[in-house]
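Take a first walk through this structure. Keep the sequence beside you as you read.

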Amino acid sequence: MFTFNFKLFRAPRNHHLKRKTWIAHTIWNYFLGWQCTRYSLGLPYLSYKEMSGEFTILRKSHPEIFAHWRELDSWAARQILKRLDEGYQRFFKKIAKRPPKFRSFRKPYSFTMCPSGYKFADPVAGDKGFGLYDDRVAIMGRTYRFNLSRPIFGTIKTVTIKADALGDFYMSVVTDHVESHLKPMTGNAAGFDMGVKTMLTCSNGKQYQSPQFYTESIDNVRTANRNLSRKKRGSNNRERARQHHARMHRKITRQREDHHWKLALELVRRFDVLFFETLNLDGMKRLWGRKVSDIGFYAFLQKLKWQAKKRGKRVETIGRWEATTPICHQCGRKHLFIDLDVREWYCHSCKIYHDRDVNAAINILKVGASTFGVEGVRLAIASTPC
């Protein structure tokens with residue numbers, strides 16, 4: 001499977017898509033409220049199959065109340081129920097910390113359609129033998145144009161429509177196209193220590209700084225937030241100020257994601273096996289707050305794992321309680337009471353000065369290599385650590 005993302009052109013007819021997202025909101029919140037009510041009354045949980053049956057009964061027996069549900073494709077509506085059921089199943093299996101929450105109508109939502117809800121023009125044969133599609137798509141009977149930034153390869157399976165805070169609509173197209181990214185292996189393995197001041201420190205001594213996009217733009221964001229709070233509710237000036245505020249946050253998000261993707265691609269090209277430590281991100285946020293959220297450790301690891309999976313590489317994480325910072329990677333002696341402000345420390349056994357982050361990265365690499373096993377690769381260890 002391969003996913004292509006495109007932006008729909010702005011047009012007056014996009015208000016039909018906005019109404020479809022509103023209907024998706026109502027279906028989610030209605031059945032979530034039903035589940036909460038049943039739980040408060042001591043009744044068992046409704047599975048996806050039962051919710052789908054109740055959805056059909058409500059739509060047919062009360063057409064005057066649920067007439068707007070008919071505007072959304074039936075398959076797309078049931079996909080929303082499937083999302084709700086998957087959220088509860090993750091909570092029951094203790095994968096998620098809390099059950100699904102009600103969706104705010106002020107925040108964007110999405111809906112997914114099968115081939116019955118959309119229609120592309122018949123593809124034409126391309127130079128590489130794949131079918132190439134046009135830049136127009138019919139969604140539930142209405143035609144929309146989108147920015148065909150790259151050709152769509154393969155047979156289209158599903159299409160997802162989502163709006164952002166500025167009212168722009170984006171389309172995610174899932175096809176059966178399989179793209180091979182396998183290249184010759186480098187034969188290198190490395191460990192990485194994550195930090196707040198330095199985002200990543202490699203075991204070979206190289207450091208990767210975090211641009212901290214939100215921190216750099218905090219003054220402009222605060223100014224935009226104050227201007228928004230001064231505007232009268234319901235006025236056009238407030239709406240323009242809200243869009244300006246949302247546009248700034250969208251730019252910061254895109255900058256962070258672009259940095260994550262480029263850094264992840266660089267790492268998987270240089271190393272075959274990458275080891276990281278398991279971090280307590282909630283605890284780190286309580287200590288350093290916005291600095292941790294600005295770096296986005298979890299989002300970066302998800303992108304790194306995705307890039308590694310496509311290229312046949314490995315990303316492993318060691319246990320949270322492994323002592324990596326206070327242990328000398330040369331002699332293995334453990335030094336207690338190393339404060340956070342100590343960036344370099346001296347080992348009295350082997351008489352070597354250690355850089356705190358480089359030493360931790362080397363220990364992460366050694367623990368990962370002994371735990372998960374890495375045959376036939378070279379361990380990237382700094383030759384002359386500080």
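What follows is a short tour of helices, salt bridges and a few backbone turns.

Remember at the outset that this is a predicted model. Start with helix α1. It covers residues 14-40, which makes 27 residues. From its first C-alpha to its last, α1 reaches 39 Å. That is close to the 39 Å expected at 1.5 Å a residue. Just after α1 comes G42, with a positive phi of about 80°.

Now turn to helix α9. α9 has 14 residues, and at 1.5 Å a residue they should span 20 Å. The end C-alpha atoms of α9 are 20 Å apart, so the expected and computed spans agree. Which residues of α9 are buried? They are F297, F300, L301, K303, L304, Q307 and A308. These buried residues lie on the same side of α9, because they cover an arc of only 165° around the axis. A general rule of helix geometry helps here. An α-helix has 3.6 residues a turn, so residues three or four places apart point the same way. The other face of α9, turned away from the buried side, carries the exposed residues Y298 and K309. After α9 comes G312, and its phi is positive, near 75°.

Next, the salt bridges. The count comes to 13. Three of them are worth tracing by eye.

The first pair is D164 and R250. Their closest N and O atoms are 2.7 Å apart. Where do the two partners sit in the chain? D164 is in the loop between β8 (156-163) and β9 (169-175), while R250 is in helix α6 (residues 236-270). The pair links distant parts of the chain, 86 residues apart. D164 counts as buried because its relative accessibility is 17%, and the cut-off for buried is under 20%. Both partners also belong to a wider group: K7, R10, D164, D168 and R250 are linked in a network of salt bridges.

The second pair also uses helix α6. Here the side chains of D294 and R256 meet in a salt bridge, at 3.0 Å from N to O. D294 is in helix α8 (residues 290-295) and R256 is in helix α6. They are 38 residues apart, and the pair links distant parts of the chain. Are these partners buried or exposed? D294 counts as buried, at 3% relative accessibility. R256 counts as buried too, at 16%.

The third pair is D272 with K313. The closest N and O atoms of this salt bridge are 3.4 Å apart. D272 lies in the loop between α6 and β13 (273-277). K313 lies in the loop between α9 (297-310) and β14 (314-318). Again the pair links distant parts of the chain, 41 residues apart. D272 is buried, with a relative accessible area of 8%. K313 is buried as well, at 12%.

Finish with two backbone details. K94 has a positive phi of about 65°, although it is not a glycine. K94 lies in the loop between α3 (74-92) and β2 (110-113). Its relative accessible area is 75%, so K94 is exposed. Q212 is another residue other than glycine with a positive phi, near 55°. Q212 is found in the loop between β12 (207-208) and α4 (213-216). With a relative accessible area of 23%, Q212 is partly exposed.

How values were computed
Residues are numbered from 1 along each chain as its sequence is written. This is a predicted model: local features need pLDDT of at least 70, side-chain atom pairs count only at pLDDT 80 or more; totals for chains, interfaces and linings use all residues. Side-chain values use heavy atoms; hydrogens and water are left out. Helices (H or I, at least four residues) and strands (E, at least two) are DSSP runs, numbered from the N terminus. The expected span of a helix is 1.5 Å times one less than its number of residues. A salt bridge is a side-chain nitrogen of Lys or Arg within 4 Å of a carboxyl oxygen of Asp or Glu. Buried means under 20% relative accessible area, exposed over 50%, partly exposed in between (1.4 Å probe, protein chains only). The arc is that of the directions from the helix axis to the C-beta atoms.
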